[in-house]
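Subject: Structure for your review

Dear colleague,

Please find below the structure that I am handing over to you. My findings follow directly after it.

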Amino acid sequence: MKLKRKKPKIKQVMSTCSWCGLKIRNEGPIYALGCKKRPEVDISKYESKAMPIKISTIDKTIWCIVPPADSDARKEGNDFMFTLCSEECGNQLKETLDTEKELGELILSAKHIC
Ligand SMILES: [Zn+2]
């Protein structure tokens, strides 16, 4: 899969599977993987925007969404989240996140939120 160089808009990220790039249809179920960032990491500049995350083990940049600081998602401990087309993509992404060492500096934990 080829990724566009251009920075995607949050709407695009929300309607595209973070893992396989499939377009998520509105009527279908949307799975999401919520991540808790490490407290020392500042992601405020990405609030209400898309944030790129480089996965060096598979040489791929995937995009996630950073909800506003006062949103329910953030209050529930989801500092950023990935939208996914299926549970399978969520499992593969989670597995990759768990094994990606560099991401350990950013992510404290990752869990399925829907
Ligand atoms: Zn997918």
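The notes below go from the overall fold to the core, then to one strand, one helix and three loop residues.

Please bear in mind throughout that this is a predicted model.

Overall fold

The protein chain contains three helices and five strands, and their order along the sequence is α-β-β-β-α-β-α-β. Of its 114 residues, 24% are buried. Contacts between residues at least 6 apart in sequence are mostly long-range, as 66% of them join residues at least 24 apart.

The nonpolar core

The largest nonpolar core comprises 20 residues, and L33, C64, M81, L84 and L93 have the most contacts inside it. Two or more residues come from each of β1 (31–37), β3 (60–66), β4 (80–84) and α3 (87–99). The greatest contribution is that of β3, which supplies five residues.

Strand β4

How many of the five residues of β4 are buried? Five of the five are, so this strand is largely enclosed by the rest of the structure. Its side chains divide between two directions: F80, F82 and L84 point one way, while M81 and T83 point the other way, and all of them are buried. The pairing of β4 with β1 is antiparallel and is made by five bridges. Within this pairing, L33 is found opposite F82.

Helix α3

The length of α3 can be checked against expectation. At 1.5 Å a residue, its 13 residues should span 18 Å, and the end C-alpha atoms are indeed 18 Å apart, so the two values agree.

The buried residues of α3 are C89, G90, L93 and L97. Viewed down the helix axis, the buried residues fall within an arc of 100°, and they therefore line one face of the helix. An α-helix has 3.6 residues a turn, so residues three or four places apart point the same way. The buried residues of α3 pack against β1, β4 and β5 (107–112). On the face turned away from the buried side are the exposed residues E87, E88, E95, D98 and T99.

L93 deserves a separate remark. Apart from its neighbours within four places in sequence, L93 is in contact with S18, W19, L33, F82 and L84. Two of these partners, L33 and F82, are the residues that stand opposite each other in the pairing of β1 and β4.

Loop residues

Two residues other than glycine have a positive phi. S48, in the loop between β1 and β2 (49–55), has a phi near 60°. S48 counts as exposed because it has 11 C-beta neighbours inside 10 Å, and the cut-off for an exposed residue is 12 or fewer. D59 lies in the loop between β2 and β3, and its phi is about 50° although it is not a glycine. With 7 C-beta neighbours inside 10 Å, D59 likewise counts as exposed.

A third loop residue, S86, is placed between β4 and α3. Is S86 buried, exposed or partly exposed? It is partly exposed, because 17 other C-beta atoms lie within 10 Å. The C-alpha atoms of S86 and L22 are separated by 9.8 Å, although these residues are 64 apart along the chain.

With kind regards

Notes:
Residues are numbered from 1 along each chain as its sequence is written. This is a predicted model: local features need pLDDT of at least 70, side-chain atom pairs count only at pLDDT 80 or more; totals for chains, interfaces and linings use all residues. A nonpolar core is a set of buried Ala, Val, Leu, Ile, Met, Phe, Trp, Tyr and Cys residues joined through C-beta atoms within 7 Å. Helices (H or I, at least four residues) and strands (E, at least two) are DSSP runs, numbered from the N terminus. Two residues are in contact if their C-beta atoms, placed from the backbone, lie within 7 Å. The expected span of a helix is 1.5 Å times one less than its number of residues. The arc is that of the directions from the helix axis to the C-beta atoms. Two strands pair if DSSP finds at least two bridges between them.
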